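Please open the model in your viewer and keep the sequence panel beside it, since each stop on this tour begins with something to select.

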Amino acid sequence: MPANRNAPSQNAAATTSAVPAHVAIIMDGNGRWAKQRGLPRLEGHRRGSRTVRAITTAAFELGVRYLTLYAFSAENWKRPQDEVGGLMRLLEFFLKQELKTLHKNKIRLRTIGRTDALPAPVRKQLAATIAATADHARGTLVLALNYGSRDEIADAANAYAAAVAAGREPAGGCTWETFARHLYTADIPDPDLVIRTSGETRVSNFLLMQSAYAEFIFTPVLWPDFTKEDFAAALETYARRERRFGLTSEQIKGKLEVRN
Ligand code: IPE
Ligand code: IPE
Ligand code: MG
């Protein structure tokens, strides 16, 4: 069987390392953080964007190669119009501010999600930031924007069908490996660790297929309060876990042969 290009850790014993190559975060709890303080929800989002900066810097310093942040879901459009508008303006402002830091730290920006539906000023700022950081190789910051796993699967199915019609994929030969080439994450390794803040223990349509073998950490800390120490603690918890990928613990420890 060909190796699954989207699961770099499939041969777990050989490739699992103490530091996760890819951490994905469901940044939740901005609204509750604001509510607890009698502040408008948007103030929570503003404080949350500060956390984004701190955690991005910390993650790459700690050796993480890919950091994916769930910033706006496909379902978040259903929130009150002023909150959606405020989030979009905040995103535009954040991108403008972040460019210098991304350059300094040699971090490349990418997005996943239906970004075509974002407001024009945000799209423009995104395109500029992605182009300006395209050659950076120290790490990749992936923003999930207007992202939903179910949309992603539907988009990938359409793209796969179009590729079959054009003769670029074999008809009737769909495997996970060939299908995954059409996901938004085609050239991004699967997340090793998914963190969700705010105490909710659900995935909310985030990287459903890609996190098939991810480790999950749920923390009660609200996103604006999440610190680089909390992030480092999550990495320590991750390092203590044994990822088995369907094998036995003995196989993982190398005491038993792994059948192919
Ligand atoms: C997460 O915080 C940010 C986005 C979804 C954009 P929330 O706004 O969902 O915060 P809570 O869940 O209401 O506390
Ligand atoms: C998930 O949080 C989306 C983001 C963090 C951007 P939500 O707050 O939208 O998720 P639910 O609605 O509580 O499941
Ligand atoms: Mg929420």
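The tour goes from the sheet to the helices and ends with a few single residues.

**The sheet as a whole**

Keep in mind from the start that this is a predicted model. Begin by colouring the strands, and you will find an open sheet of 6 strands in the order 3-4-2-1-5-6, with parallel pairing. At its edges lie strand 3, which covers residues 107-112, and strand 6, which covers residues 215-218, each of them pairing on one side only. If you look along the sheet from one strand to the next, the twist averages 20°.

**One edge: strands 3 and 4**

Select residues 107-112 to pick out strand 3, and then add residues 139-147, which form strand 4. The two strands pair in the parallel sense over 6 bridges, and one pairing to look for is that of Arg108, whose bridge partner in strand 4 is Thr140. Is an edge strand such as this one enclosed or open to its surroundings? In strand 3, 5 of the 6 residues are buried, so this strand is largely enclosed by the rest of the structure.

**Toward the other edge: strands 1, 5 and 6**

Now select residues 22-26 for strand 1 together with residues 193-196 for strand 5, which run parallel and are joined by 4 bridges. Within this pairing, Val23 has Leu193 as its bridge partner in strand 5, while Ala24 has Val194 as its partner in that strand.

Stay with strand 5 and show its side chains, where Leu193 and Ile195 point one way, Val194 and Arg196 point the other way, and all of them are buried. On leaving strand 5 for strand 6, you meet another parallel pairing, again described by 4 bridges. Here Leu193, already seen as the bridge partner of Val23, has Glu215 as its bridge partner in strand 6.

**Helix 4 and helix 5**

Hide the strands for a moment and select helix 4, residues 81-105, along with helix 5, residues 120-133, which pack at an angle of about 15° with their axes 9 Å apart. With an angle under 35 degrees counting as roughly parallel, helix 4 and helix 5 are therefore roughly parallel to each other. Their crossing is left-handed.

To see the contact itself, show the side chains that meet across it: the helix 4 side includes Met88, Leu91, Leu95 and Leu99, and the helix 5 side includes Pro121, Val122, Leu126 and Ala132. Taken together, the residues of this contact divide into 9 nonpolar, 4 polar and 2 charged.

**Helix 3 and helix 4**

Keep helix 4 in view and select residues 41-61, which make up helix 3; the axes of these two helices come within 10 Å and cross at roughly 25°. That angle makes helix 3 roughly parallel to helix 4, and helix 3 passes helix 4 in a right-handed crossing.

Among the residues that meet here are Arg41, Arg46 and Arg53 from helix 3, and Asp82, Glu83 and Glu98 from helix 4. How do the residues of this contact divide into nonpolar, polar and charged? The contact of helix 3 with helix 4 has 5 nonpolar, 5 polar and 6 charged residues.

**Three single residues**

For the first of the closing stops, select Thr56, which is found in helix 3. Thr56 is buried, with a relative accessible area of 6%, and, leaving aside residues up to four places away in sequence, it touches Leu67, Leu69 and Leu141. You can also draw a line from the C-alpha of Thr56 to that of Asp192, which lies 136 residues apart from it in sequence and 16 Å apart in space.

Next, go to Asn146, which is found in strand 4 and has a positive phi of about 50° although it is not a glycine. Asn146 is buried, with a relative accessible area of 6%.

Finish at Asn205, which is found in the loop between strand 5 and strand 6. Its phi is near 65°, a positive value in a residue other than glycine, and Asn205 is buried, with a relative accessible area of 13%.

Key:
Residues are numbered from 1 along each chain as its sequence is written. Chains are lettered from A and ligands numbered from 1 in the order in which they are written. This is a predicted model: local features need pLDDT of at least 70, side-chain atom pairs count only at pLDDT 80 or more; totals for chains, interfaces and linings use all residues. Side-chain values use heavy atoms; hydrogens and water are left out. Two strands pair if DSSP finds at least two bridges between them. Axes are lines fitted to C-alpha atoms, for helices over the stretch in contact, and angles run from 0 to 180 degrees between N-to-C directions. Angles under 35 degrees count as roughly parallel, over 145 as roughly antiparallel, 65 to 115 as roughly perpendicular and the rest as oblique. A crossing is left-handed if the near helix is turned anticlockwise from the far one by less than a right angle, and right-handed if clockwise. Contact means heavy atoms within 4.5 Å. Ala, Val, Leu, Ile, Met, Phe, Trp, Tyr, Cys and Pro count as nonpolar, Asp, Glu, Lys and Arg as charged, and the others, Gly among them, as polar. Buried means under 20% relative accessible area, exposed over 50%, partly exposed in between (1.4 Å probe, protein chains only).
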